Amino acid sequence: SVRNWEKVYGKTHPTTLTTLNNIGELAKAQFKYEQAEVIFTDVLRTREKLLPARDPKVLISRNNLAGLYMARKRYDQAAAMYLQVLRAFDRTLETGHPAFVHALNNLGAVCEVKGDDEMAESFYQRALEICRSDPNKLCLNQASVLNNLSVLYKKKGDLKNAVVCAE
């Protein structure tokens, strides 16, 4: 339990924060959005106090909170949070980091939901480029990006590209 981690390591220890984050993910998966938001926000605030603003753990926490905003249909907040993540990774030149690709893909999804298919496609394409840039490195987000592109192309009536992405 998280209380045990807090007793052993303290409330700000990385293991405690990771455990809390996992509990937030579980709450989100169970549609307990208010509970998940409190947890994600607390983890993010704690990490922001302890770590540099561009630390991957801070950016992953922002990504998680943005994902929750997306699930709650708070698209403007989700987009703003994903943009913060992208800008921070751009500044640190860590654009190959999985959280960067994840943020690109999710920002594409926000744009698509808001009706901006062209912008969505550009985010998906950039994510896919990064995934394909190093053939020796497995990009865990590539399947999700390809699926999103396929669905977008199908919606736009571009069945040829939809099929290529789906294969």
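This is a short dialogue about reading buried and exposed residues in a predicted model.

Q: What should I know about this model before we start?
A: The model is predicted, so local features need pLDDT of at least 70 and side-chain atom pairs count only at pLDDT 80 or more, while totals for chains, interfaces and linings use all residues. Residues are numbered from 1 along each chain as its sequence is written, and side-chain values use heavy atoms, with hydrogens and water left out.

Q: Is Y153 buried or exposed?
A: Buried means under 20% relative accessible area, exposed over 50%, and partly exposed in between (1.4 Å probe, protein chains only). Y153 has 5% relative accessibility, so Y153 counts as buried.

Q: Where does Y153 lie, and which residues does Y153 touch?
A: Helices are DSSP runs of H or I, at least four residues, numbered from the N terminus. Y153 belongs to helix α8, residues 142-156. Contact means heavy atoms within 4.5 Å. Not counting residues up to four places away in sequence, Y153 touches E121, Q125, D158, N161, A162 and C165. Take E121: 32 residues separate E121 from Y153 in sequence, yet their C-alpha atoms are 8.7 Å apart in space.

Q: Which side chain makes a polar contact with the side chain of Y153?
A: A polar contact is a pair of N or O atoms within 3.5 Å; within protein, one must be able to donate a hydrogen and the other to accept it, and residues adjacent in sequence count only if both atoms are side-chain atoms. Here the partner is the side chain of Q125, at 2.7 Å.

Q: What about S150, also in helix α8?
A: S150 counts as buried because its relative accessibility is 12%. A polar atom of the S150 side chain lies 2.8 Å from the backbone oxygen of A162. Leaving aside neighbours within four places in sequence, S150 is in contact with A162, C165 and A166.

Q: How many residues are in the largest nonpolar core?
A: In soluble globular proteins, nonpolar side chains tend to be buried together. A nonpolar core is a set of buried Ala, Val, Leu, Ile, Met, Phe, Trp, Tyr and Cys residues joined through side-chain atoms within 4.5 Å. The largest one has 44 residues, and L104 is among those with the most contacts inside it. Helix α6 gives the largest share of this core, 9 residues.

Q: Is V8 buried or exposed?
A: V8 is exposed, because its relative accessible area is 63%. V8 sits in helix α1, residues 2-9.

Terms used: Helix = DSSP H or I, 4+ residues; strand = E, 2+ residues; numbered from the N terminus.
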